[in-house]
Amino acid sequence: MASNLMKMVKFNNGQLYPILGLGTWQASAIIDDSQQFINSIKNAIDIGYRHFDCAAIYNNEKLLGKAINDKILEGVIKRDELFITSKLWNDKHRSELVEEALKNTLNDLCLSYVDLYLIHWPFGTSEDSNATDSEGRLLSSGISYLETWKAMEACVQKGLTKSIGVSNFILNS
């Protein structure tokens, strides 16, 4: 799949985005060796993948960042040829945590921006990962995703991400 043949979608801000990407969720379930993960990403780049989907909760952004930056240093790709998606986890919905979470992702990826930053789930959970109800479910933070969205917009204004969006939201008709 040559990257110049990849179909693109145009976001409302004009950014073009490849419709096909490589997701990294549960990669550690099938790849138990860090170097093997890095090599898999490098091979994906070599065969034309340019869109990579990750999230801090997946615990592989540092490895993804290493693979990407190795390929950039080798001259195989340029940063602006890549489309990196990451996601904000549920316990980081409070507005003052959003930018910090994104900066941690950028640090792990060794990048100055991501192309798309998503609210991973439409609900925030308690920042205390041990806070559960009587049935063992994580407690809600009570923070509206609208508050989170405003903080995400600020990240766009600061150039930390080009686009923002939502993931796993269900529309009721």
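**Exercise 1. At roughly what angle do the axes of helix H4 and helix H5 cross, and within what distance do they come?**

Before we start, a word on the model: it is predicted, so local features need pLDDT of at least 70 and side-chain atom pairs count only at pLDDT 80 or more, while totals for chains, interfaces and linings use all residues. Residues are numbered from 1 along each chain as its sequence is written, and side-chain values use heavy atoms, with hydrogens and water left out.

Step 1. Find the two helices: H4 covers residues 95–109 and H5 covers residues 145–157. Helices here are DSSP runs of H or I with at least four residues, strands are runs of E with at least two, and both are numbered from the N terminus.

Step 2. Look at the axes, which are lines fitted to C-alpha atoms, for helices over the stretch in contact; angles run from 0 to 180 degrees between N-to-C directions. Those of H4 and H5 come within 8 Å and cross at roughly 45 degrees.

Step 3. Name the arrangement: H4 and H5 are therefore oblique to each other. (Under 35 degrees counts as roughly parallel, over 145 as roughly antiparallel, 65 to 115 as roughly perpendicular, and the rest as oblique.)

Step 4. See who meets whom, with contact meaning heavy atoms within 4.5 Å. Ser95, Val98, Glu99 and Leu102 on the H4 side meet Glu147, Thr148, Ala151, Met152 and Cys155 on the H5 side. By class, that contact has 5 nonpolar, 2 polar and 2 charged residues. (Ala, Val, Leu, Ile, Met, Phe, Trp, Tyr, Cys and Pro count as nonpolar; Asp, Glu, Lys and Arg as charged; the others, Gly among them, as polar.)

**Exercise 2. Which residues does Glu99 contact, leaving aside its neighbours within four places in sequence?**

Step 1. Place Glu99: you'll find it in helix H4.

Step 2. Skip those sequence neighbours, and Glu99 is in contact with Cys155, Lys158 and Leu160.

Step 3. Take Lys158: Glu99 and Lys158 are 59 residues apart in sequence, yet 9.5 Å apart in space, C-alpha to C-alpha.

**Exercise 3. In what order do the 5 strands of the open sheet run, and what is the pairing?**

Step 1. Read off the order: S3-S4-S5-S6-S7, with parallel pairing. Two strands pair if DSSP finds at least two bridges between them.

Step 2. Check the edges: S3 (22–23) and S7 (161–166) each pair on one side only.

Step 3. Zoom in on a pair: S5 (residues 83–88) and S6 (residues 114–119) run parallel over 4 bridges. Leu88 stands opposite Ile119 in S6.

Step 4. Add a helix: H5 packs on the sheet and touches S5, S6 and S7, its direction making about 165 degrees with that of S7.

**Exercise 4. Describe how H3 packs against H2 and H4.**

Step 1. Begin with H2 (residues 34–46) and H3 (residues 61–73): their axes come within 9 Å and cross at roughly 45 degrees. H2 and H3 are therefore oblique to each other. Their contact has 8 nonpolar, 1 polar and 5 charged residues by class.

Step 2. Move on to H4: H3 and H4 pack at an angle of about 50 degrees, with axes 7 Å apart. That makes H3 oblique to H4.

Step 3. List the partners: Glu61, Lys62, Leu64, Gly65 and Asn69 in H3 meet Thr105, Asp108 and Leu109 in H4. Sorted by class, you get 2 nonpolar, 3 polar and 3 charged residues.
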